[in-house]
Amino acid sequence: MYIEKAASAVDRADAPAVRRTNVRWVPILALVAVGTAINYLDRTVLGIAAPYLSKDLALTPVQMGLVFSAFSWSYAALQIPGGIFLDRFGTRFTYFISIAFWSFFTGVMGLVHSLSALLATRIGVGVFEAPCFPANSRILATWFPQHERARANSVYSVGMNFGLGFLSVPLFWITQQFGWRGLFFIVGALGIVFSLVWWVLYHNPADSTTANRAELEYIEAGGGGEYKGQRLDFKWRHIGALMKHRQVIGASIGQFGGNSTLVFFLTWFPTYLVTARGMTFIKAGMMVSLPYIAAAVGVVLGGFVSDNILKKTRSANLARKLPIVSGMLLASTIVLANWVPAQNNMLVIAIMSLAFFGQGMTNLGWTVVSDIAPKKLIGLTGGLFNFTTNLAGIITPIVVGAMYQRTGSFFVPLGYIAVVAILGALAYSVIIGDIHRLEIDTD
């Protein structure tokens, strides 16, 4: 036995070193980054179109609040079913169906002529975007070792902010040149084309023909890789089992706080600049880009800081919690815009940029999900997490719209955003506890 082991060791020493491929970064993570950017582009175009659309369709602020919120009605409600679908049918097929159909409904928004039709199309977008982030979490857990996940998360997440930051001016220009209907047609067509690219290029690790054995072993050695057991049939008690763990509850509540800031920027922010701050439409487009760029920097910085802390301290608790809590507290500074004089719009943009920078750091919550989710239930855990998170998408637009219509001011809405951000910081500080992969009895 000893001789056989020694001979084996000599053979390995004499064998030429195999260079590890980097398929997990390109094309896998590049595809996820583009998909996520299109995901948020399709959510955000309504906010860009809102000043024109609301005028053409004669919608009140409360009605626009309902329209902004409608996306999250179906998006939140379908998170758990979407996670179950993901665990059952896999990432490649689920993502393809999602991109193709949410893009279709985005394009159809250019045809609406009534509030009810607008609500229906936004609900459709929410239905098919529901599995997207649970799928992203699954990709992180299967394609990346733990010590690379925060960076990978920041790379694909930066697309949703960085892209919007640099696309804001062109999108505002398209709206002025082709109308808000043309904006929806163009963005919807872009997503449908990308769904075909996704289907051709994306593969799971076990099905990949380009990732070599060295890369797959590296991923598995770092805690990644696919669940290779029997396919799990969903049972309602799986939700109860997950909800017994403070890690799931704390991360979900905490992300609700951070997501409230994001939802404000995706929905009411352009209207805030045009109506409350008196900016022209094109100038608002230029100003919108700056906070998005700041958020992109926050996403990248949070991911790299987190992985560096993990590498140096081996503490997932410190590495994940410190950037997230810091980001939540920075997001709460949005309330300071209430005391900026009307003529000092650059200071307002600076405050908004700082707040959105902080919100970008909180995107690490999805890395936390990748760290804690049981391998058998990654989709369901991500769906449960995103359901709670996106209750903010239902509540925030309605609260902002109702308070704006009632008071004629954004003073109270910005105060609300700040309060829930602070509550999110408390959840990640106090409730979540130790960050580690959960073991749950699924039999």
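**Helix packing, aromatic contacts and backbone details in a predicted model**

The axes of helix α2 (residues 24-56) and α7 come within 11 Å and cross at roughly 165°. Since angles over 145 degrees count as roughly antiparallel, α2 is therefore roughly antiparallel to α7. The crossing in which α2 passes α7 is left-handed. On the α2 side, the contact is made by R24, I28, V32, T36, N39, Y40 and R43, and these meet C132, F133, N136, I139 and W143 of α7. As with everything reported here, this packing belongs to a predicted model.

A cis peptide bond is also associated with α2. This bond joins V26 and P27, with omega at about 15°, and P27 is itself found in helix α2.

Helix α7, which spans residues 132-143, has a second partner to consider. Its axis and that of helix α16 (residues 365-372) come within 9 Å and cross at roughly 60°. The two helices are therefore oblique to each other, and their crossing is right-handed. Here α7 contributes F133, P134, S137, L140 and A141 to the contact, while α16 supplies W366, V369 and S370. F133 thus appears in the contact with α16 as well as in the contact with α2.

How far is α16 covered by its surroundings? Helix α16 is mostly covered, with eight of its eight residues buried. The buried residues are G365, W366, T367, V368, V369, S370, D371 and I372. W366, V369 and S370 are thus buried, and they are also the residues through which α16 makes its contact with α7.

Two further helical residues give a picture of buried surroundings. S103 lies in helix α5, which covers residues 91-108. With a relative accessibility of 1%, S103 counts as buried, because the cut-off for that class is under 20%. Setting aside residues up to four places away in sequence, S103 touches D42, G188, G191 and I192.

M328, in turn, is found in helix α14 (residues 316-331). Its relative accessible area of 0% means that M328 is buried. Which residues surround M328 once its neighbours within four places in sequence are left aside? The contacts of M328 are G254, Q255, G257, G258, G358, T362, A421, G424, A425 and Y428. M328 can also be placed relative to N136: the two are 192 residues apart in sequence, and their C-alpha atoms are 22 Å apart in space. N136 is one of the α7 residues that make the contact with α2.

Aromatic side chains offer another view of the model. The structure holds 28 aromatic pairs. One of these is formed by F85 and F93, which are stacked, with 6.3 Å from centre to centre and 25° between the planes. Are the members of this pair buried or exposed? F85 has 33% relative accessibility and so counts as partly exposed; F93, at 34%, likewise counts as partly exposed. A broader grouping is found elsewhere in the sequence, where F68, F264, F265, W268, F269, Y272, Y292, F356, Y404 and F410 form one aromatic cluster.

Aromatic rings also receive charged side chains over their faces. R43 lies over the face of Y75, at 4.7 Å from the ring centre. R43 has already been met among the α2 residues in contact with α7. R88 lies over the face of F89, at 5.3 Å from the ring centre.

Finally, two loop residues deserve a look for their backbone angles. What is the phi value of A58? Phi of A58 is near 55°, a positive value in a residue other than glycine. A58 is placed in the loop between α2 and α3 (61-77), and at 60% relative accessibility it counts as exposed. R314 also has a positive phi, near 60°, and is again a residue other than glycine. R314 lies in the loop between α13 (281-313) and α14, the helix in which M328 is found. With a relative accessible area of 69%, R314 is exposed.

How values were computed. Residues are numbered from 1 along each chain as its sequence is written. This is a predicted model: local features need pLDDT of at least 70, side-chain atom pairs count only at pLDDT 80 or more; totals for chains, interfaces and linings use all residues. Side-chain values use heavy atoms; hydrogens and water are left out. Rings of Phe, Tyr and Trp (its six-membered ring) pair if their centres lie within 6.5 Å; planes under 30 degrees apart count as stacked, over 60 as edge-to-face and the rest as tilted. Buried means under 20% relative accessible area, exposed over 50%, partly exposed in between (1.4 Å probe, protein chains only). A charge sits over a ring if NZ of Lys or CZ of Arg is within 6 Å of the ring centre and within 35 degrees of the ring normal. Axes are lines fitted to C-alpha atoms, for helices over the stretch in contact, and angles run from 0 to 180 degrees between N-to-C directions. Helices (H or I, at least four residues) and strands (E, at least two) are DSSP runs, numbered from the N terminus. Angles under 35 degrees count as roughly parallel, over 145 as roughly antiparallel, 65 to 115 as roughly perpendicular and the rest as oblique. A crossing is left-handed if the near helix is turned anticlockwise from the far one by less than a right angle, and right-handed if clockwise. Contact means heavy atoms within 4.5 Å.
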